[in-house]
Amino acid sequence: MAVYLNDVVNYFKGLAENHPELLHNEASGSRVYEVIAYEEAFGDFRTAASEKGYFMRFILPTLKWDGHQNNAHKKYQIGLMVGKWYSTREDVKTVKIDCWSDSEKVLDDIIARMVYDSREGHAVFNHSADSVDALDLSGDYMDHQGDGSYAAVMYLFNIGAFRCIDSEGSEFQAVGWLDL
(Lines give C-alpha, C1' and ligand atoms only; values in the text may rest on other atoms or scores of the structure.)
Protein backbone atom coordinates (compact mmCIF):
# COMPACT_ATOMS: atom_id res chain seq x y z
CA MET A 1 0.00 0.00 0.00
CA ALA A 2 1.32 3.43 -0.91
CA VAL A 3 1.53 5.92 1.94
CA TYR A 4 1.26 9.64 1.31
CA LEU A 5 1.57 12.76 3.42
CA ASN A 6 -2.14 12.88 4.34
CA ASP A 7 -1.91 9.34 5.77
CA VAL A 8 1.02 10.30 8.00
CA VAL A 9 -0.52 13.63 9.09
CA ASN A 10 -3.77 11.89 10.04
CA TYR A 11 -1.90 9.19 11.99
CA PHE A 12 -0.16 11.78 14.18
CA LYS A 13 -3.35 13.79 14.54
CA GLY A 14 -4.97 10.65 15.95
CA LEU A 15 -2.14 10.30 18.46
CA ALA A 16 -2.60 13.95 19.51
CA GLU A 17 -6.34 13.35 19.95
CA ASN A 18 -5.83 10.28 22.12
CA HIS A 19 -2.75 11.11 24.21
CA PRO A 20 -3.99 11.88 27.75
CA GLU A 21 -1.82 15.00 28.09
CA LEU A 22 -2.70 16.45 24.68
CA LEU A 23 -6.35 15.53 23.95
CA HIS A 24 -6.45 17.54 20.72
CA ASN A 25 -9.91 18.58 19.57
CA GLU A 26 -10.89 20.83 16.67
CA ALA A 27 -13.13 22.92 18.96
CA SER A 28 -11.85 26.42 19.62
CA GLY A 29 -9.59 26.48 22.65
CA SER A 30 -8.90 22.74 22.49
CA ARG A 31 -6.60 22.64 19.48
CA VAL A 32 -3.16 21.27 20.21
CA TYR A 33 -2.03 19.69 16.92
CA GLU A 34 -1.03 21.54 13.80
CA VAL A 35 0.92 20.85 10.62
CA ILE A 36 3.61 23.41 9.90
CA ALA A 37 6.64 23.96 7.66
CA TYR A 38 10.09 23.67 9.21
CA GLU A 39 10.83 27.36 8.70
CA GLU A 40 7.71 28.35 10.65
CA ALA A 41 7.99 25.74 13.40
CA PHE A 42 10.01 27.93 15.75
CA GLY A 43 7.76 30.94 16.00
CA ASP A 44 4.29 32.09 16.98
CA PHE A 45 3.70 29.49 19.65
CA ARG A 46 0.73 31.43 20.95
CA THR A 47 -1.46 30.22 18.06
CA ALA A 48 -0.41 26.63 18.63
CA ALA A 49 -1.58 26.16 22.20
CA SER A 50 -3.98 27.59 24.65
CA GLU A 51 -2.27 29.37 27.50
CA LYS A 52 -0.98 27.01 30.18
CA GLY A 53 -1.33 24.05 27.86
CA TYR A 54 0.55 21.86 25.43
CA PHE A 55 1.04 22.14 21.71
CA MET A 56 2.16 19.54 19.20
CA ARG A 57 3.55 20.48 15.81
CA PHE A 58 3.95 18.04 12.96
CA ILE A 59 6.79 19.52 10.93
CA LEU A 60 6.43 18.79 7.24
CA PRO A 61 8.85 16.03 6.27
CA THR A 62 11.75 16.05 3.92
CA LEU A 63 11.79 13.19 1.44
CA LYS A 64 14.53 10.65 0.81
CA TRP A 65 14.73 7.69 -1.50
CA ASP A 66 16.82 4.61 -0.82
CA GLY A 67 17.74 2.19 -3.56
CA HIS A 68 16.52 -1.35 -3.13
CA GLN A 69 17.33 -3.83 -5.87
CA ASN A 70 15.84 -2.27 -9.03
CA ASN A 71 13.54 0.10 -7.17
CA ALA A 72 13.44 3.10 -4.87
CA HIS A 73 11.76 3.25 -1.48
CA LYS A 74 10.56 6.63 -0.26
CA LYS A 75 11.27 7.70 3.32
CA TYR A 76 9.96 10.67 5.25
CA GLN A 77 12.21 12.52 7.68
CA ILE A 78 9.64 13.92 10.09
CA GLY A 79 9.84 16.40 12.91
CA LEU A 80 7.51 16.43 15.89
CA MET A 81 7.65 19.25 18.39
CA VAL A 82 5.81 19.17 21.70
CA GLY A 83 5.92 22.14 24.03
CA LYS A 84 4.30 23.52 27.12
CA TRP A 85 3.61 27.01 28.43
CA TYR A 86 5.42 28.27 31.52
CA SER A 87 5.24 31.43 33.58
CA THR A 88 8.29 33.68 33.68
CA ARG A 89 7.07 34.97 37.04
CA GLU A 90 7.93 31.75 38.79
CA ASP A 91 11.31 30.09 39.32
CA VAL A 92 11.99 30.00 35.60
CA LYS A 93 14.85 27.49 35.65
CA THR A 94 12.89 24.88 37.59
CA VAL A 95 9.60 25.44 35.77
CA LYS A 96 11.26 25.42 32.34
CA ILE A 97 13.06 22.15 33.10
CA ASP A 98 9.76 20.64 34.26
CA CYS A 99 8.09 21.74 31.00
CA TRP A 100 10.92 20.26 28.92
CA SER A 101 10.66 17.01 30.90
CA ASP A 102 6.86 16.90 30.46
CA SER A 103 7.20 17.54 26.72
CA GLU A 104 9.92 14.92 26.41
CA LYS A 105 7.70 12.37 28.16
CA VAL A 106 4.86 13.04 25.71
CA LEU A 107 7.21 12.58 22.75
CA ASP A 108 8.64 9.39 24.27
CA ASP A 109 5.07 8.10 24.62
CA ILE A 110 4.42 8.90 20.95
CA ILE A 111 7.63 7.17 19.82
CA ALA A 112 6.73 4.10 21.90
CA ARG A 113 3.27 4.05 20.30
CA MET A 114 4.79 4.38 16.82
CA VAL A 115 7.06 1.37 17.43
CA TYR A 116 4.09 -0.61 18.78
CA ASP A 117 1.91 0.31 15.78
CA SER A 118 4.71 -0.54 13.35
CA ARG A 119 5.21 -3.96 14.94
CA GLU A 120 1.46 -4.51 14.66
CA GLY A 121 1.66 -3.81 10.91
CA HIS A 122 0.10 -0.32 10.76
CA ALA A 123 0.02 0.75 7.11
CA VAL A 124 1.76 4.09 7.75
CA PHE A 125 4.92 2.28 8.84
CA ASN A 126 4.88 -1.01 6.94
CA HIS A 127 7.21 -2.32 9.67
CA SER A 128 9.77 0.45 9.00
CA ALA A 129 9.68 1.55 12.66
CA ASP A 130 9.76 -1.80 14.44
CA SER A 131 12.59 -0.56 16.66
CA VAL A 132 13.71 2.85 17.90
CA ASP A 133 17.04 2.32 16.09
CA ALA A 134 15.18 2.05 12.78
CA LEU A 135 13.79 5.59 13.30
CA ASP A 136 17.27 7.19 13.33
CA LEU A 137 15.96 9.38 16.14
CA SER A 138 17.50 12.71 17.18
CA GLY A 139 16.17 15.63 19.17
CA ASP A 140 16.68 19.06 20.66
CA TYR A 141 15.34 21.29 23.45
CA MET A 142 13.93 24.70 22.59
CA ASP A 143 12.82 27.76 24.47
CA HIS A 144 10.65 30.61 23.21
CA GLN A 145 10.10 33.68 25.32
CA GLY A 146 7.81 36.50 24.37
CA ASP A 147 4.18 37.28 25.12
CA GLY A 148 3.95 33.68 26.21
CA SER A 149 6.86 31.45 27.15
CA TYR A 150 7.06 27.88 25.90
CA ALA A 151 9.61 25.15 26.50
CA ALA A 152 9.58 22.58 23.72
CA VAL A 153 11.28 19.40 22.62
CA MET A 154 11.65 18.46 18.96
CA TYR A 155 12.34 14.93 17.71
CA LEU A 156 13.44 14.17 14.15
CA PHE A 157 13.06 10.66 12.81
CA ASN A 158 12.66 8.64 9.63
CA ILE A 159 9.84 6.37 8.59
CA GLY A 160 9.64 4.36 5.43
CA ALA A 161 6.60 5.45 3.47
CA PHE A 162 7.18 2.47 1.18
CA ARG A 163 6.09 4.31 -1.93
CA CYS A 164 7.92 2.30 -4.52
CA ILE A 165 8.88 4.11 -7.67
CA ASP A 166 9.01 1.42 -10.31
CA SER A 167 7.37 1.39 -13.73
CA GLU A 168 6.59 -2.28 -13.23
CA GLY A 169 4.55 -1.56 -10.09
CA SER A 170 0.94 -2.72 -10.02
CA GLU A 171 -0.40 0.80 -9.38
CA PHE A 172 0.99 2.05 -12.68
CA GLN A 173 -0.39 -0.90 -14.60
CA ALA A 174 -3.79 -0.75 -12.90
CA VAL A 175 -4.53 2.82 -14.00
CA GLY A 176 -3.20 2.29 -17.50
CA TRP A 177 -0.48 4.90 -17.07
CA LEU A 178 2.02 2.88 -19.06
CA ASP A 179 -0.42 2.44 -21.94
CA LEU A 180 -0.43 6.14 -22.91
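**Close-up views of a predicted model**

**View 1. Arg31 and its salt-bridge partner, Glu26.** Arg31 has a relative accessible area of 44%, so Arg31 counts as partly exposed. The model shown is predicted. Arg31 pairs with Glu26 in a salt bridge. Their closest N and O atoms are 3.9 Å apart, a distance that fits the salt-bridge limit of 4 Å. How exposed is Glu26? Glu26 is partly exposed, at 43% relative accessible area. Side chains of opposite charge can pair when their charged atoms come close.

**View 2. The whole protein, for orientation.** The protein contains three helices and five strands. In sequence order they run α-β-β-β-α-β-β-α. The protein has 180 residues, of which 42% count as buried. Among contacts with a separation of 6 or more, 58% join residues 24 or more positions apart. The exposed area of the protein is about 10100 Å². Carbon and sulfur atoms supply 49% of that area. Seven salt bridges are present in the structure.

**View 3. His19 in its loop.** His19 sits in the loop between α1 (5–18) and β1 (33–36). Is His19 buried or exposed? His19 counts as buried, because its relative accessibility is 8% and the cut-off for burial is under 20%. Two polar partners are shown. A polar side-chain atom of His19 lies 3.0 Å from the backbone nitrogen of Glu21. The His19 side chain also makes a polar contact of 2.8 Å with the side chain of Asp109. Which residues does His19 touch beyond its neighbours within four places in sequence? They are Val106 and Asp109. Asp109 therefore appears both as a contact of His19 and as a side-chain polar partner at 2.8 Å, within the 3.5 Å limit for such pairs.

**View 4. A nonpolar patch at the surface.** Leu5, Val35 and Leu60 make a nonpolar surface patch of about 200 Å². Val35 belongs to strand β1. Val35 is partly exposed, with a relative accessible area of 38%. That value satisfies the patch requirement of over 30%, so Val35 can be a member.

**View 5. Asp102 and Lys84, a helix-to-strand salt bridge.** The side chains of Asp102 and Lys84 meet in a salt bridge, at 2.9 Å from N to O. Asp102 lies in helix α2 (residues 92–119) and Lys84 in strand β3 (residues 71–86), so the pair ties together parts 18 residues apart in sequence. Asp102 is partly exposed, at 28% relative accessible area.

**View 6. Asp143 and Lys96, a salt bridge across the sequence.** Asp143 forms a salt bridge with Lys96. The closest N and O atoms are 3.2 Å apart. The pair links distant parts of the chain, with Asp143 in strand β4 (residues 138–144) and Lys96 in helix α2, 47 residues apart. How exposed are the two partners? Asp143 is partly exposed, with 34% relative accessible area. Lys96 is buried, with 15%.

**View 7. The salt-bridge network of Lys13, Glu26 and Arg31.** Salt bridges with shared partners join Lys13, Glu26 and Arg31 into one network. The link between Glu26 and Arg31 is the one shown in View 1, with closest N and O atoms 3.9 Å apart.

Technical notes:
Residues numbered from 1 in each chain as written. Predicted model: local features only at pLDDT ≥ 70, side-chain atom pairs only at ≥ 80, totals over all residues. Heavy atoms only, no water. Helix = DSSP H or I, 4+ residues; strand = E, 2+ residues; numbered from the N terminus. Buried < 20%, exposed > 50% of the residue type's maximum accessible area, 1.4 Å probe, protein only. Polar contact = N/O pair within 3.5 Å; in protein donor to acceptor, adjacent residues only side chain to side chain. Contact = heavy atoms within 4.5 Å. Areas by Shrake-Rupley, 256 points an atom, 1.4 Å probe, with all protein chains shown as cover. Patch = residues over 30% accessible without salt bridge, like charges linked within 9 Å, V, L, I, M, F, W, Y side chains within 5 Å.
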